[in-house]
Amino acid sequence: MLVDDRMLDSFHKFKQLNVIGALKLMPQGEMAILHAIMRISAKQNGRCSVSDLAKELRVTPPGVSRACRNLREKGYLDSVPDENDRRNTCLVITSSGRRAIEMDIGRINEFMCRVFTHLEPGELEEFYRLFDKLFESIRQELELASEREKG
């Protein structure tokens, strides 16, 4: 099956919606970083280093450092010395950062609840099933492509 115009049109339509801008959400990358810090900190007794975050997000430490600097400037993130190793620092989400996340999640939940009212009974479960299947297929194909590229 080849990619037809409907698939490309669908991707383009979703991009045009600009949900992030319309709902006045923080940029997707910032939200991803803050959520990753929360996940890592929960698993590691409240500790999350730049290298932990880079590994989780599969990006370079310098890229993470730049993004974290931006979040610090907004007051959403702090860096504190690691209690176990003073040479390292831990990333900590500030109360302002937590409030921003909670507000964004609230906006998303309210919006999506309204969106889902337009679906017929059973369509939401079908959507989740197909979305999960599509996600897993894409993940597997990307993994195979990466392995083929390595050689």
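In this predicted model, the largest pocket holds about 1600 Å³ of space. Its lining is made up of 30 residues, and those closest to the pocket centre are Phe14, Val19, Met112, Phe127 and Phe131. Several helices chip in: α1 (5-17), α2 (19-22), α3 (28-43), α6 (95-116) and α7 are the elements that each give two or more residues to this lining. The largest share comes from α1, with seven residues. Sorted by class, the lining of the largest pocket has 23 nonpolar residues, plus three polar and four charged ones.

Now for the second largest pocket, where there is about 150 Å³ of space. Lining this one are Arg58, Phe135, Ile138, Arg139, Leu142 and Glu143. Here the classes split into three nonpolar and three charged residues, with no polar residue in the lining. Phe135, one of the lining residues of the second largest pocket, sits in helix α7, which runs over residues 123-150.

Then there is the outside of the protein. Phe127, Tyr128, Phe131 and Phe135 together make a nonpolar surface patch of about 430 Å². Some of these names have come up already. Phe127 and Phe131 belong to the patch, and they are also among the residues closest to the centre of the largest pocket. Phe135 is likewise part of the patch, and it helps to line the second largest pocket as well.

Note on methods:
Residues numbered from 1 in each chain as written. Predicted model: local features only at pLDDT ≥ 70, side-chain atom pairs only at ≥ 80, totals over all residues. Heavy atoms only, no water. Patch = residues over 30% accessible without salt bridge, like charges linked within 9 Å, V, L, I, M, F, W, Y side chains within 5 Å. Areas by Shrake-Rupley, 256 points an atom, 1.4 Å probe, with all protein chains shown as cover. Salt bridge = Lys/Arg side-chain N within 4 Å of Asp/Glu carboxyl O. Helix = DSSP H or I, 4+ residues; strand = E, 2+ residues; numbered from the N terminus. 1 Å grid on protein atoms, 1.4 Å probe; cavity = no way out; pocket = protein on both sides within 12 Å on 5 of 7 lines; lining within 4 Å. Points joined across faces, edges and corners; volume = space filled by probe spheres on them. Nonpolar A, V, L, I, M, F, W, Y, C, P; charged D, E, K, R; others polar.
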